[in-house]
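This briefing introduces one protein structure to a first-year reader. Please keep the sequence and the model in view while reading the points below.

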Amino acid sequence: MSTAAGEKPALRKPVFTKVNQLRPVTSGHTLTIKVVSAAPVSGRARPGVAAPSRPPRIAECLVGDETGVIVFTARNEQVDLLKPGATVILRNAKIDMFKGSMRLAVDKWGRIEAAEPASFTVKEDENLSLVEYELVNVAE
């Protein structure tokens, strides 16, 4: 791909993913989701680790679209954007595994944007975070 000096490469159109298409340990997802609920997680001090001057704010939010729901781990200023009833666009989201189940997260390489209220109804009976996965090593 050759571009002239000073010319920016053309941006690709984002490909939006649905919640039911998410798979373990994948990244680069762009989703439009609605926040169903948000619950703050109390941070506990780990033994032997100095407490930071300001502990991180973490909330577990149940988010979803018309295909299903998944738990989203919101950190610090993300907590303010993910209020119940809000519609947001997640860019470059990834799937983390926590105790064998999928969690959706956006790290420093991703972005969360407020969006217009979505017209879809969230399918709450299809929770991907309730599916437990097990890592299996396959011998070649």
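Which residue lies over the face of Phe120? Lys34 takes that place, at 5.3 Å from the centre of the ring. The structure discussed here is a predicted model. The points that follow treat its overall fold, its nonpolar core, its charged pairs and its surface.

**Overall fold**

- The secondary structure of the protein consists of one helix and six strands.
- In sequence order, these elements follow the pattern β-β-β-α-β-β-β.
- The protein has 140 residues, and buried residues make up 34% of them.

**Nonpolar core**

- In soluble globular proteins, nonpolar side chains tend to be buried together.
- In this model, the largest nonpolar core contains 23 residues.
- Ile70, Phe72, Leu90 and Leu104 are the residues with the most contacts inside this core.
- Two or more residues of the core come from each of the elements β1, β2, β3 (68-75), β4 and β5.
- The element that gives the most to the core is β4, with four residues.

**Salt bridges between parts apart in sequence**

- Side chains of opposite charge can pair when their charged atoms come close.
- There are seven salt bridges in the structure.
- One of them joins Asp80 to Arg57, with the closest N and O atoms 3.1 Å apart.
- Asp80 belongs to helix α1 (residues 78-81), whereas Arg57 is in the loop between β1 (27-41) and β2 (58-65), so this pair ties together parts that are 23 residues apart in sequence.
- Asp80 is partly exposed, at a relative accessible area of 42%, and Arg57 is also partly exposed, at 40% relative accessibility.
- Another salt bridge links Arg103 with Glu60, and here the closest N and O atoms are 3.6 Å apart.
- Arg103 is in strand β5 (residues 101-105) and Glu60 is in strand β2, so this pair ties together parts that are 43 residues apart in sequence.
- Is Arg103 buried or exposed? Arg103 counts as buried, because its relative accessibility is 13% and buried means under 20%.
- Its partner Glu60 is partly exposed, with a relative accessible area of 31%.

**Other charged contacts**

- Lys94 forms a salt bridge with Asp96, and the closest N and O atoms of the pair are 3.4 Å apart.
- Lys94 is partly exposed, with a relative accessible area of 24%, and Asp96 is partly exposed as well, with 29%.
- Which residues are linked in a network of salt bridges? Arg91, Arg111 and Glu113 are linked in this way.

**Aromatic rings**

- A pair of aromatic rings is described by the distance of the centres and the angle of the planes.
- How many aromatic pairs does the structure hold? The count of such pairs is zero.

**Nonpolar surface patch**

- Val25, Met97, Val131 and Tyr133 form a nonpolar patch on the surface.
- Together, these four residues have about 330 Å² of accessible area.
- Met97, a member of the patch, is located in strand β4 (residues 87-98).
- Met97 is partly exposed, with a relative accessible area of 34%.
- Strand β4 thus appears in two topics of this briefing: the strand contains Met97, and β4 also gives four residues to the largest nonpolar core.

How values were computed. Residues are numbered from 1 along each chain as its sequence is written. This is a predicted model: local features need pLDDT of at least 70, side-chain atom pairs count only at pLDDT 80 or more; totals for chains, interfaces and linings use all residues. Side-chain values use heavy atoms; hydrogens and water are left out. A salt bridge is a side-chain nitrogen of Lys or Arg within 4 Å of a carboxyl oxygen of Asp or Glu. Buried means under 20% relative accessible area, exposed over 50%, partly exposed in between (1.4 Å probe, protein chains only). Rings of Phe, Tyr and Trp (its six-membered ring) pair if their centres lie within 6.5 Å; planes under 30 degrees apart count as stacked, over 60 as edge-to-face and the rest as tilted. A charge sits over a ring if NZ of Lys or CZ of Arg is within 6 Å of the ring centre and within 35 degrees of the ring normal. Patches are made of residues with over 30% relative accessible area and no salt bridge: like charges are joined within 9 Å, nonpolar side chains (Val, Leu, Ile, Met, Phe, Trp, Tyr) within 5 Å. Accessible areas come from the Shrake-Rupley method with a 1.4 Å probe; for residues, only the protein chains shown count as cover. A nonpolar core is a set of buried Ala, Val, Leu, Ile, Met, Phe, Trp, Tyr and Cys residues joined through side-chain atoms within 4.5 Å.
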